[in-house]
Amino acid sequence: MEFMRVSVLLVLSLLSPTPILSDSCFSSNGLSEIPKKLLTLAQKPELFDWMVGIRRKIHENPELGYEEFETSKMIRAELDKMGIAYKYPIAVTGVVGSIGTGKPPLVAIRADMDALAMQEMVEWEHKSKIPGKMHSCGHDAHVAMLLGAAKILKEHEKDLQGTIVLVFQPAEEGGCGAKKILDAGVLENVNAIFGLHVANHIPLAEVASRSGPFFAGSGFFEATISGKGGHAALPHHAVDPILAASNVVSSLQHIVSREVDPLDSQVVTVGKVQGGEAFNVIPDSVTIGGTFRAFSMESVLQLKQRIEEVIIGQATVQRCNATVNFFEDEKPLSPPLVNHEELHAYFQNVAGDMLGAHKVKDHPPIMGGEDFAYYQEAIPGFFFFLGMKDERLGYMDSPHSPYFRINEDALPYGAALHASLAVRYLIETQQEVALPKQEIRDEL
Ligand SMILES: [Zn+2]
Ligand SMILES: [Zn+2]
């Protein structure tokens with residue numbers, strides 16, 4: 001009896017079309033079914049293994065910001081195989097592809113490509129082959145997920161009701177790659193953009209985010225405090241920059257504690273102090289450096305101004321001179337990441353339909369930075385954490401740790417969420433977008 005039931009089911013399943021996105025599922029009638037169906041597709045062993053392979057290959061060959069030449073080449077080779085058109089180079093190594101009608105609405109999904117300058121300490125078969133470089137922030141997984149989404153979407157291109165823009169971005173780690181992509185003008189008609197980051201602190205098959213400010217805006221500073229060197233036993237013949245630097249460091253901590261609303265989270269950290277070589281010598285100068293963070297650009301600018309005033313003022317009190325560098329050419333002040341309110345509600349619906357509403361969590365704001373914020377200054381955007389935590393894998397170190405590991409079981413979730421957010425966005429907004437024909441950019 002049991003055997004018969006199984007046989008009947010088997011025959012039925014062979015006769016019925018594969019559980020993919022049949023045309024009806026791309027219509028507004030089947031909206032709530034789309035995310036689950038896309039997850040089923042992303043979890044198919046062939047696609048899963050393919051994404052794992054790509055992720056491991058990128059992991060073995062990590063490249064730093066604006067040097068992602070091989071990563072970019074691999075992405076283009078895969079897009080070529082899929083028959084997906086793209087623009088290259090955008091922002092040095094970036095690749096911007098498109099799938100769909102070539103007409104509005106346009107929705108973008110983004111992955112960052114760069115690794116970090118650190119030595120991998122995880123001993124495994126696919127360990128980084130490049131000494132001193134490691135994918136310790138999971139951007140290798142981000143690329144694999146976006147390619148996975150691209151593959152699924154391309155296979156159902158005829159059903160898409162608009163255009164999906166794939167953004168493979170360089171230099172997220174302090175290089176403002178997102179800003180360079182935007183400056184290249186390739187996202188001009190994009191109506192919305194989505195991005196994700198793997199998260200070791202959130203369980204697998206869960207996502208977390210929030211509406212409004214999510215990641216802090218930030219800046220960096222370095223100051224040289226100059227005095228006059230001399231014998232440590234004769235301080236009255238010297239001008240001591242070490243004492244001045246000590247006062248500067250203490251006073252910098254008074255900015256947040258005494259000048260900022262305690263309910264408005266901000267940080268000033270001095271992470272670098274260099275000066276002096278000997279026990280009995282007062283050095284000529286001391287260099288200090290650090291970072292500052294806040295959840296509005298106004299507060300970031302206010303911190304910057306006060307940091308400069310405090311350093312110069314405190315140095316003067318101790319008869320020293322000071323110069324302050326904010327590296328605005330190499331590392332412009334980065335804006336806070338602010339999630340669009342309506343897209344947050346939209347994300348909750350889509351992710352809830354895929355994972356169950358109880359797996360879509362609220363996440364408190366964090367002081368870390370993420371250059372996805374640049375896109376959101378220009379385009380309504382939404383960014384979320386994708387869970388990876390799994391007790392079977394033991395403790396998972398946080399990003400930027402030399403022991404950072406990816407739970408590859410998260411790859412299908414990332415690919416399916418990218419695809420679902422894009423597909424449903426097109427369906428749900430196509431009625432509302434009515435650009436005049438002459439404004440339609442045929443290249444995207
Ligand atoms: Zn990172
Ligand atoms: Zn990252």
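## Ala205 and Cys176: positive phi in two loops

Ala205 is partly exposed, with 19 other C-beta atoms within 10 Å. To count as buried, a residue would need 20 or more such atoms. This is a predicted model, so please read every value here as computed from it. You will find Ala205 in the loop between E5 and E6. Its backbone is worth a look too: Ala205 is a residue other than glycine, and yet its phi is positive, near 70°.

Cys176 is another residue to look up. Although Cys176 is not a glycine, it has a positive phi of about 55°. Its place is in the loop between E4 and helix H7, which covers residues 177-183. Is Cys176 buried or exposed? Cys176 counts as buried, because it has 23 C-beta neighbours inside 10 Å.

## The open sheet

Several of the strands just named belong to an open sheet of 8 strands. Going across it, the order is E1-E2-E4-E3-E5-E16-E6-E15, and the pairing is mixed. Which strands stand at the edges? They are E1 (85-90) and E15 (360-362); each has a single partner strand, so one side of each is left without a neighbour in the sheet. On average, neighbouring strands are turned by 25° against each other, with direction ignored.

Now take one pair from this sheet. Strand E6, residues 207-209, runs antiparallel to strand E16, residues 381-389, and 2 bridges join them. Within this pairing, Val207 stands opposite Leu386 in E16.

## Two helices on the sheet

Helix H5, made of residues 69-82, packs on the sheet. H5 touches E1, strand E2 (94-100) and strand E4 (163-169), and its direction makes about 20° with that of E2.

Helix H6 spans residues 139-155 and packs on the sheet as well. What does H6 touch? Its contacts are with E2, strand E3 (106-112), E4 and strand E5 (192-203). The direction of H6 makes about 145° with that of E3.

## Two cis peptide bonds

Let us finish with the backbone around two prolines. The peptide bond leading from Tyr88 to Pro89 is cis, and its omega is near -10°. Pro89 is found in strand E1, which is one of the edge strands of the sheet.

Where is the other proline, Pro105? Pro105 is found in the loop between E2 and E3. A cis peptide bond joins Pro104 and Pro105, with omega about -5°.

How values were computed. Residues are numbered from 1 along each chain as its sequence is written. Chains are lettered from A and ligands numbered from 1 in the order in which they are written. This is a predicted model: local features need pLDDT of at least 70, side-chain atom pairs count only at pLDDT 80 or more; totals for chains, interfaces and linings use all residues. Two strands pair if DSSP finds at least two bridges between them. Helices (H or I, at least four residues) and strands (E, at least two) are DSSP runs, numbered from the N terminus. Axes are lines fitted to C-alpha atoms, for helices over the stretch in contact, and angles run from 0 to 180 degrees between N-to-C directions. Two residues are in contact if their C-beta atoms, placed from the backbone, lie within 7 Å. A residue is buried if 20 or more other C-beta atoms lie within 10 Å of its own, exposed if 12 or fewer, and partly exposed in between; C-beta atoms are placed from the backbone.
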